[in-house]
Amino acid sequence: MRAEPPAWAPGPAQAAALLEEAADLLVLHRDFAAAVERCEAGCDSLGPGPGPGHESFAEVKCSLCVVGIQALAEMNRWREVLSWVLQYYHVPEHLPPKVLELCILLYSKVREPQVMLEVGSSWLGSPANQRLPEFGSLLELYLAQVLLPLGRFGAAEELVRGCSALDSERRLQLLGTIGDSRCRWARREEETRPGAEERQDPATETLLGVLSQKLLTMLTLLRRALRSMSNHFYLLPYKKMLLATFLLYLVVVRLDPASPTSLPFIYKLVQLFRQAWAAVLSPIHRPPIRD
């Protein structure tokens, strides 16, 4: 069992010692749980307020939280990160810029940007934070990683227009980015709307017709061959032969399964294959059973 960490006297100096130990546990020993424990002990040793040496206090506390966030993420305990840091800063407006940045990036990485929606809005709405040099970069990060992926285009435009930290040129650039993102969002919704895959453009229909004609030709030839061999090779698995031919055809025409237009192709070709299979079997009669 791991020994309990020793008790240190409160203050930035002891918190800095705990920070150094936590960093070693994180990077060198990869003991993430022990690193979180040291970070918690360091934050607790600083007490509830800044006290003497405010800048040193804030820097050490922020660094402890950064190491703690990384250690929690390494243990796949990312869901705890926001509540963990807020227990030391109490309200989102008091989060250091670096801690807020890491939280936004983390929850964006795990595809849970909505977790940071209210936290980021509160932080960016604070007049004290708007005077910080990091405000502009954090605003853009919040737009790119939270608001736009969630489709909050109105809130994004309102935020940009009301931000005095942005000059007019940068404001116009960000509004253009929001507009482009809105258009892409609308196109994706149109493409995923029910029945959208049936509304193919003329080029798609033409390509499908060419592919269907090729498949019909191949299956016609195969049907003739099967008919001529039916008396000698009746026991061969016809359906498997047709299926293998069909799959070979898909490889030859190089349909891309990741392409949004390939699914209607495959669906219609499967229907065509079933029809051709029924047509192939219909004229083939079983040979008489010999005693």
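Me: How buried or exposed is F153?

Reply: Relative accessible area is what to look at, and anything under 20% counts as buried. In this predicted model, F153 comes out at 6%, so F153 is buried.

Me: And W185, how does that one read?

Reply: Between the buried limit of 20% and the exposed limit of 50%, a residue is called partly exposed. W185 has a relative accessible area of 27%, so W185 is partly exposed.

Me: Which aromatic pairs should I look at, and how many are there?

Reply: For rings, check how far apart the centres lie and how the planes are angled; over 60 degrees counts as edge-to-face. The count here is 4 aromatic pairs. One of them joins W78 and Y107: the centres are 6.2 Å apart and the planes sit at 80 degrees, so this is an edge-to-face pair. W78 is in the loop between α3 (54–74) and α4 (81–89), while Y107 belongs to helix α5, and 29 residues separate the two. Both W78 and Y107 are buried. Your F153 and W185 also make an edge-to-face pair, because their planes are at 80 degrees, with ring centres 5.7 Å apart. Since F153 is in helix α9 and W185 in helix α10, that pair ties together parts 32 residues apart in sequence.

Me: What lies over the face of Y89?

Reply: Here you check for a positive side chain above the ring. K61 is the one, at 4.5 Å from the ring centre of Y89.

Me: Where is R171, and what is its nearest side chain of opposite charge?

Reply: With a buried charge, look for a partner within 4 Å. R171 is in helix α10 (residues 168–192). R171 is buried but has no salt bridge, and D167, the nearest side chain of opposite charge, is 6.7 Å away. Beyond its neighbours within four places in sequence, R171 contacts V160, R161, C163, S164 and L166.

Me: Is E157 buried or exposed, and what does it touch?

Reply: E157, in helix α9, counts as buried because its relative accessibility is 18%. Skipping residues up to four places away in sequence, E157 touches L175, I178 and R182.

Me: What do the buried residues of α8 pack against?

Reply: Start by listing what is buried. In α8 (residues 135–147) that includes F135, L138, Y142 and V146. The buried residues of α8 pack against α5 (97–109), α6 (117–124), α7 (127–130), α9 (153–161) and α10.

Me: How many helices and strands does the protein have?

Reply: There are 13 helices and 0 strands. Of the 291 residues, 36% count as buried. Among contacts with a separation of 6 or more, 63% are between residues 24 or more positions apart.

Conventions
Residues numbered from 1 in each chain as written. Predicted model: local features only at pLDDT ≥ 70, side-chain atom pairs only at ≥ 80, totals over all residues. Heavy atoms only, no water. Helix = DSSP H or I, 4+ residues; strand = E, 2+ residues; numbered from the N terminus. Buried < 20%, exposed > 50% of the residue type's maximum accessible area, 1.4 Å probe, protein only. Lys, Arg positive; Asp, Glu negative; His and termini not counted. Contact = heavy atoms within 4.5 Å. Phe/Tyr/Trp six-rings, centres within 6.5 Å; stacked < 30°, edge-to-face > 60°. Lys NZ or Arg CZ within 6 Å of the ring centre and 35° of its normal.
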